Amino acid sequence: MEFWQNIYSQFDPIAFNIGSVAVHWYGIMYAFALLSAIYVAKWFIKYDNINIKQEVFDSYIWWAEIGVILGARIGYVLFYDTHTMYYLIHPWQIFNPFMDGTYVGISGMSYHGAFIGFLLASFLFCKKHKVSFWFITDIAVIGISFGYIFGRFGNFFNQELVGRVTDLPWGIYVNGILRHPSQIYEAFLEGLVIFLILVYFRNRKKFDGQLAIIYALCYSLARITAEFFRQPDVQLGFLYGGWLTMGILQSIFILILAVLILIVINKRVN
């Protein structure tokens, strides 16, 4: 347990270097997140004999991934970054990985921004290729929920999005303070648990879009729960009352939207 509690002092976020470029475990985990999401989605397409052409889904993957990356970065700039106006005036700097001529990578991604980007990209793809939006997002969310696990491990290895102070024995020391390993909680609640729920319901759904809505509902509830163990973003702090964070606020919005969509679809189905 002592090794676990002091893991940050014994673990280097940089996996290796290629010349002057440092390759972080964060980036490796996000690569695993992308690849595993694609693999899992394709595996279930084949296993469940889902009627979609491989070339159509392969094309969709590119659209979805571009939407996720753009949405995640822009979402962070709009909702979390303290230099929002600078980026709005200099939008080309949003994806600039260099600072004063030195490669520093791109940091700062928003999950909710990624989710919105994913939905917009999916909508545009389906409109262009005449594919059912709800049909294809039902497939995608299974892979996304699995890949999410690696994404949160990336946050853990990068020693970011740390938890609140705790005295529980499985806490980890961050700058000498024992904190919840909230990234692991999120990987479990928002990733693995939701993945298993979607796998269970995938052949029991009553209409296209039900899995996508279940994902939005479950993620929002899991994220709200996890936020009570996660330290608020230092640049924002609590938004209200010592409990409301940006993550909770955005999750509540997604939760309400998912409930409204579910009500509308249920009326149409009935």
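Does Asp138 count as buried or exposed, and at what relative accessibility — which is it? In this predicted model, Asp138 counts as buried, at 2% relative accessibility. The legends below begin with this residue and its partner.

**Figure 1. Salt bridge between Lys205 and Asp138.** The side chains of these two residues meet with an N to O distance of 2.6 Å. Lys205 is placed in the loop between helix H7 (182-201) and H8, whereas Asp138 belongs to helix H6 (residues 133-157), so the pair ties together parts that are 67 residues apart in sequence. The two partners are covered to unlike degrees: Lys205 is partly exposed, its relative accessible area being 27%, while Asp138 is buried at 2% because the cut-off for that class is under 20%.

**Figure 2. Salt bridges around Glu227.** The structure holds ten salt bridges, and this view shows two that involve Glu227. Arg223 and Glu227 meet through their side chains at 2.8 Å, N to O. Both residues of this pair lie in helix H8, where four residues, about one turn of the helix, set them apart. Arg223 and Glu227 are both buried. Glu227 also forms a salt bridge with Arg230, for which the closest N and O atoms are 3.6 Å apart. Arg230, like Glu227, is buried. Through salt bridges that share partners, Arg152, Glu186, Glu190, Arg223, Glu227 and Arg230 are joined into one network.

**Figure 3. The largest cavity and its lining.** A search of the whole structure finds one cavity of 30 Å³ or more. About 30 Å³ of space lies in the largest cavity. Its lining consists of Tyr111, His112, Phe115, Tyr215, Ala216, Tyr219 and Ile254. Helix H5 (111-129) and helix H8 (210-227) are the elements that give two or more residues to this lining. By class, the lining residues are six nonpolar, one polar and no charged.

**Figure 4. A nonpolar patch on the surface.** Ile66, Ile69, Leu70, Ile74, Leu78, Phe79, Met85, Leu88, Ile89 and Phe95 make a nonpolar surface patch of about 900 Å². At least two residues of the patch come from each of helix H3 (54-79) and helix H4 (84-89). The most is given by H3, with six residues. Phe95 is found in the loop between H4 and strand S3 (98-99). Phe95 is partly exposed, with a relative accessible area of 31%, and it can therefore belong to the patch, for which over 30% is required.

Notes
Residues are numbered from 1 along each chain as its sequence is written. This is a predicted model: local features need pLDDT of at least 70, side-chain atom pairs count only at pLDDT 80 or more; totals for chains, interfaces and linings use all residues. Side-chain values use heavy atoms; hydrogens and water are left out. Patches are made of residues with over 30% relative accessible area and no salt bridge: like charges are joined within 9 Å, nonpolar side chains (Val, Leu, Ile, Met, Phe, Trp, Tyr) within 5 Å. Accessible areas come from the Shrake-Rupley method with a 1.4 Å probe; for residues, only the protein chains shown count as cover. A salt bridge is a side-chain nitrogen of Lys or Arg within 4 Å of a carboxyl oxygen of Asp or Glu. Buried means under 20% relative accessible area, exposed over 50%, partly exposed in between (1.4 Å probe, protein chains only). On a 1 Å grid over the protein atoms alone, a cavity is a set of points where a 1.4 Å probe fits but cannot get out, and a pocket is an open set with protein on both sides within 12 Å along at least five of seven lines; lining residues have an atom within 4 Å of a point. Grid points are joined across faces, edges and corners, and a volume is the space filled by probe spheres set on the points. Ala, Val, Leu, Ile, Met, Phe, Trp, Tyr, Cys and Pro count as nonpolar, Asp, Glu, Lys and Arg as charged, and the others, Gly among them, as polar.
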